[in-house]
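I opened the model to look up its overall form, its nonpolar cores, its charged pairs and its backbone exceptions. These are my entries, in the order in which I made them.

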Amino acid sequence: MITIKEVKTKGDLTSFVKFPFELYKNSPYFVPPIIKEELQVLQPATNPAFKNAEAKFFLAYKNNKIVGRISGIINHLEINDLKKSKVRFGWFDVIDDIEVTKALLEKVITYGKQHQLAYIEGPVGFSNMDKAGLLIKGFDELNSMITWYNHPYYSEHLKSLGFENAATWVEYKIKVPEQIHPKVLKFSHIIKERYQLKLIKFSKSKEILPFVDAMFDLLNKTYSSLQTFVPIQQYQIEHYKEKYIPYINPDYITCITDATGKLIAFSIVMPSFSKALKKANGKMYPFGFLHLLKAQRKNDTAAFYLIGVDPDYQNKGVTALIFKEMNETFLRNGIKKVETNPELEENKAIQALWTDYDHVQHKRRRTYKKSLLTD
């Protein structure tokens, strides 16, 4: 018999966060989050996303053992301002039992119907800055710090339950060239001179802070036309400053300003923390932070997280300048390969950036949706 229990206590929430550790304990590819940080993400007191969202969390039990989990999320900003009548589901993990999957999803469907919403979609987080998508290709690859891992049967469960494809993301693995591409060198110089652009590099993390607001403003401008877009709010920006700046190696950040000092482009790349997080196994102490610190300082793999370009400068070759700086940074720090963050499949502009590099599309992930409207 399957029993679904809504998470109400701190103990339940801890069980909710720890369930994937048990489910994937024998997987060489599952990269666990830091438990303390994951708990903070799921609580209103420590995650500002709850200022415009609400959520419920559910655990599935079978024979008194946890066999699945799911969250139901309602983003009021998305519903009221963007007119997307959607209940989100996320933090979805389950054993290979479609009845457990069905029981979990029914709880979120009921939650959505109670709020008169038109459809359910997931897995996603609170906003487009959170993890999103079921892995449907790349099951033999480590997930990154900003993606979920899952077993291959997840998507089959959803399709069997009448869910349809929604958004699809692709991820690439790129080999870092031992020499900067001649075309990149040529065009970066031309573009810099033509538009009187200035490169900003950083030696300390705190030097990045004055540029963070402008970075997120560019993100909103860069990705506003994409289907999953939800505007990033100022309180979220303040939260990201506090949460992520300490992890950033300033040498991996590039900002570009115009002649007036206005930020017109940036890129955020970080050393990959996947192997370090796997060694930490959810705990910062006593040794987890040492693994992360070592990964930050000595690594042969980088993760390409974000790039933003002012619409007025898109298609003008500004990315050549960014790539030149990144390539120099990689060579200086011994980086041999780079993994991109998930990119929406229809975002051809960003995928075109890898054309001149030795690259392979090694992962694919997808969200699924289903109508809640009945005749």
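The entries below run from the whole chain down to single residues.

**Ground rules.** I worked from a predicted model, in which local features need pLDDT of at least 70 and side-chain atom pairs count only at pLDDT 80 or more, while totals for chains, interfaces and linings use all residues. Residues are numbered from 1 along each chain as its sequence is written, and side-chain values use heavy atoms, with hydrogens and water left out.

**Overall form.** I noted twelve helices and 14 strands in the protein chain, taking helices (H or I, at least four residues) and strands (E, at least two) as DSSP runs numbered from the N terminus. For 375 residues a compact globule would have a radius of gyration near 21 Å, and the protein chain agrees, because its value is 21 Å; the radius is taken over C-alpha atoms, and the globule rule is 2.2 Å times the number of residues to the power 0.38. Along the principal axes I found that the C-alpha trace spans about 70 × 45 × 35 Å. Among contacts (heavy atoms within 4.5 Å) with a separation of 6 or more, 77% are between residues 24 or more positions apart. Buried residues make up 54% of the 375, where buried means under 20% relative accessible area, exposed over 50%, and partly exposed in between (1.4 Å probe, protein chains only). The chain exposes about 17,600 Å², of which carbon and sulfur atoms supply 52%; accessible areas come from the Shrake-Rupley method with a 1.4 Å probe, and for residues only the protein chains shown count as cover.

**Nonpolar cores.** Which members of the largest nonpolar core touch the most other members? I found Phe89 and Ile120 in that role, in a core of 53 residues, a core being a set of buried Ala, Val, Leu, Ile, Met, Phe, Trp, Tyr and Cys residues joined through side-chain atoms within 4.5 Å. Elements that each supply at least two residues of this core include helix H1 (10-23), strand E2 (53-62), strand E3 (65-75) and helix H4 (98-114). Leaving aside neighbours within four places in sequence, Ile120 is in contact with ten residues' worth of partners that I did not list in full, among them Val87, Phe89, Leu105, Phe163 and Tyr368. Apart from the largest core lies another, of 32 residues, which includes Ile200, Phe216, Cys255 and Ala295.

**Ile136.** I looked up Ile136 in strand E6, and at 22% relative accessibility this residue counts as partly exposed. Its contacts, again without neighbours within four places in sequence, are Ser155, Arg364, Arg365, Arg366 and Tyr368. The C-alpha atoms of Ile136 and Trp169, which are 33 residues apart along the chain, are separated by 9.9 Å.

**Charged pairs.** Side chains of opposite charge can pair when their charged atoms come close. I counted 18 salt bridges, each a side-chain nitrogen of Lys or Arg within 4 Å of a carboxyl oxygen of Asp or Glu. Lys86 and Glu121 meet in one of them, at 3.5 Å from N to O. Lys86 lies in strand E4 (residues 86-94) and Glu121 in strand E5 (residues 119-122), so the pair ties together parts that are 35 residues apart in sequence. Are these two partners buried or exposed? Lys86 counts as buried because its relative accessibility is 7%, and Glu121 likewise counts as buried, at 8%. Both belong to a network of salt bridges that links Glu78, Lys86, Arg88 and Glu121.

In a further pair, Asp310 and Lys262, the closest N and O atoms are 3.6 Å apart. Asp310 lies in the loop between strand E11 (301-309) and helix H11 (318-333), and Lys262 in the loop between strand E9 (253-257) and strand E10 (263-271), so this pair ties together parts that are 48 residues apart in sequence. Asp310 counts as buried at 3% relative accessibility, whereas Lys262 counts as partly exposed at 40%.

**Backbone exceptions and a surface patch.** I found a cis peptide bond between Gly122 and Pro123, with omega about 0°, and Pro123 sits in the loop between E5 and E6. Another cis peptide bond joins Tyr285 and Pro286, with omega about 5°. Tyr285 is in the loop between helix H9 (274-280) and helix H10 (288-297) and counts as exposed at 61% relative accessibility. Tyr285 also helps to make a nonpolar surface patch of about 510 Å², together with Phe287, Phe289, Leu290 and Leu293; patches are made of residues with over 30% relative accessible area and no salt bridge, like charges being joined within 9 Å and nonpolar side chains (Val, Leu, Ile, Met, Phe, Trp, Tyr) within 5 Å.
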